[in-house]
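User: Please take one part of this model and look at it closely. Then carry the description outward from there in connected prose, at a level that suits a first-year student.

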Amino acid sequence: DILILVGLVGRGIISADQIARELFPSEDRCRRRLRQLYDAGYLSLSIVTPTKPNLVSLTRRGLEYARDQAPALAVQLHMAGPLKLSELDHRLLAIDVRLYASALGQKRGSPLLTWASGRGSLSMRLGLDAFNVEPEAIAQFAAGNSPVAVAVEVISTIKPVSALARRLPRYAASARETRVDALWVA
């Protein structure tokens, strides 16, 4: 479960704290399990600064094992790409929103089906590209015959509130003409 979670979220990088909150009853138990996976060569652990959480990513071996264990998710699992320290808080907040969306979907009986980039093919299929809006992500939840689509904006030093304020009129214009059901702002 840890390897699949790491491969699915945040372009292959997540904090140890986030893994603990999502999968374990205590941080200590999570740290012990992460250490075992690190020692076995499945995970890479990074200490960024003393004030930032430890980061966890998959090694090549960990990615291969996760893909073997979850073949239906294989194309969605990734190793970590480059990360600028200035983007870390933004990325971790986006991961928290994804974890929240997954938990909310489970609780409501509408599981999270898709978490996709707001700049990808799903955005085009939903019609957002015609309004020149690029959310951080698009979440799709199961809901009867047609999934519910939610555009997700993450506000941080990377994407300040002023940038969202400029896009809100475009989101409003798109509300009637796209297949996006809601906008979440974190």
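Analyst: Two strands are said to pair if DSSP, the program that assigns them, finds at least two bridges between them. The model is a predicted one, and the part chosen here is a sheet. Strands of a sheet pair through backbone hydrogen bonds, in either a parallel or an antiparallel sense.

Start with one pair of strands. β2 and β3, the latter made of residues 55-58, pair in the antiparallel sense over four bridges. Within this pair, Leu 43 stands opposite Leu 58 in β3. The pair belongs to an open sheet of three strands, whose order is β1-β3-β2 and whose pairing is antiparallel. β1 (13-15) and β2 (43-46) are the edge strands, and each has a single partner, so one side of each is left without a neighbour in the sheet. From one strand to the next, the twist averages 30°.

Two helices lie across this sheet. α2 lies across β1 and β3 and runs at about 75° to β1. α5 also lies across β1 and β3, and its angle to β1 is about 85°.

One residue of α5 shows what the helix touches. Leu 99 lies in this helix, and it counts as buried because its relative accessibility is 9%, where the cut-off for buried is under 20%. With neighbours within four places in sequence set aside, the contacts of Leu 99 are Leu 5, Gln 18 and Glu 22. Leu 99 can also be placed against a residue much further along the sequence: Leu 183 is 84 residues away in sequence, and the two C-alpha atoms are 17 Å apart in space.

The helices α2 and α5 also help to line a pocket. The second largest pocket holds about 400 Å³ of space. Its lining consists of 18 residues, and those nearest its centre are Leu 5, Leu 8, Arg 98, Ser 102 and Leu 112. Two or more lining residues come from each of α1 (2-8), α2 (16-23), α5 (88-108) and β4 (112-117). Sorted by class, the lining has 11 nonpolar, four polar and three charged residues. Leu 5 therefore appears twice in this account: as a contact of the buried Leu 99 and as one of the residues nearest the centre of the pocket.

A further set of paired strands can be compared with the sheet above. β5 and β6 run antiparallel and are joined by five bridges; one bridge links Ala 137 with Val 152 in β6. The two strands form a hairpin with six residues between them, and Gly 144 in the turn has a positive phi of about 65°. On to the next pairing: β6 and β7 (residues 182-185) run parallel and are joined by four bridges. Here the bridge partner of Val 150 is Ala 182 in β7. Five of the six residues of β6 (148-153) are buried, so this strand is largely enclosed by the rest of the structure.

One last residue concerns backbone angles. Most residues other than glycine have a negative phi. Asn 132, however, has a phi near 55°, a positive value in a residue other than glycine. Asn 132 sits in the loop between α6 (121-126) and β5 (137-141). Asn 132 counts as exposed because its relative accessible area is 52%, and the cut-off for exposed is over 50%.

Key
Residues are numbered from 1 along each chain as its sequence is written. This is a predicted model: local features need pLDDT of at least 70, side-chain atom pairs count only at pLDDT 80 or more; totals for chains, interfaces and linings use all residues. Side-chain values use heavy atoms; hydrogens and water are left out. On a 1 Å grid over the protein atoms alone, a cavity is a set of points where a 1.4 Å probe fits but cannot get out, and a pocket is an open set with protein on both sides within 12 Å along at least five of seven lines; lining residues have an atom within 4 Å of a point. Grid points are joined across faces, edges and corners, and a volume is the space filled by probe spheres set on the points. Ala, Val, Leu, Ile, Met, Phe, Trp, Tyr, Cys and Pro count as nonpolar, Asp, Glu, Lys and Arg as charged, and the others, Gly among them, as polar. Axes are lines fitted to C-alpha atoms, for helices over the stretch in contact, and angles run from 0 to 180 degrees between N-to-C directions. Contact means heavy atoms within 4.5 Å. Buried means under 20% relative accessible area, exposed over 50%, partly exposed in between (1.4 Å probe, protein chains only).
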